[in-house]
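Hi everyone, thanks for coming. I'd like to spend a few minutes on charged side chains and who they pair with, so please have a look at the model on the screen.

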Amino acid sequence: MKIIYLDIDNVLNNEFTKTTIGAFHGLEPRLVKMFLDWYNQRNYKIILSSTWRTDDLFKQALIDNGITWIAETPYIFHRRKYEIETSVEKFKPDKYVILD
């Protein structure tokens, strides 16, 4: 299996993003389209590594924009490196890429 560890902030949005979810930047449509165009040509599965995984409104926004995932990294207080390492040990992907 090939996996993309996907963060959202500064990957699918940026400081110029006009959409919001509450007081936070939402998704940037242009970046979402670019990602999905690239992703849909590959045989990778997404594991959500973003803090967006901790909020149902954020997760619903991803689903509404065509982004689905097979799992989420475990939450290890502000330790993204360890969260991803734990997930790699669990899923044992053949290849993986981290988009952060």
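I'll go through some salt bridges and then finish with one proline.

A quick word on the source: this is a predicted model, where local features need pLDDT of at least 70, side-chain atom pairs count only at pLDDT 80 or more, and totals for chains, interfaces and linings use all residues. Residues are numbered from 1 along each chain as its sequence is written, and side-chain values use heavy atoms, with hydrogens and water left out.

So, how many salt bridges does the structure hold? There are eight, taking a salt bridge as a side-chain nitrogen of Lys or Arg within 4 Å of a carboxyl oxygen of Asp or Glu.

Let's begin with K59. One of its partners is D56, with the closest N and O atoms 3.9 Å apart. Both residues sit in helix α2, residues 56-64, and three residues, about one turn of the helix, separate them. (Helices are DSSP runs of H or I with at least four residues, strands are runs of E with at least two, and both are numbered from the N terminus.)

Are these two buried or exposed? D56 is exposed, at 63% relative accessible area, while K59 is buried, at 17%. Here buried means under 20% relative accessible area, exposed means over 50%, and partly exposed is in between, using a 1.4 Å probe and protein chains only.

K59 also forms a salt bridge with E72, at 3.3 Å from N to O. Because K59 lies in helix α2 and E72 in strand β5 (residues 71-72), this pair ties together parts that are 13 residues apart in sequence. E72 itself is partly exposed, with 33% relative accessibility.

Now over to helix α3, residues 80-91, where R80 and E83 are three residues apart, about one helical turn. Their salt bridge has its closest N and O atoms 3.8 Å apart. E83 is buried, at 3% relative accessible area, and R80 is partly exposed, at 23%. What I like here is the wider picture: salt bridges with shared partners join D7, R53, R80, E83 and D100 into one network.

Last stop, the proline. P93 is in the loop between α3 and β6 (95-99), and it counts as buried at 13% relative accessibility. Which residues does P93 touch, beyond its neighbours within four places in sequence? They are M1, I3 and V88, with contact meaning heavy atoms within 4.5 Å. P93 and M1 are 92 residues apart in sequence, yet their C-alpha atoms are 5.0 Å apart in space.

Thanks for listening!
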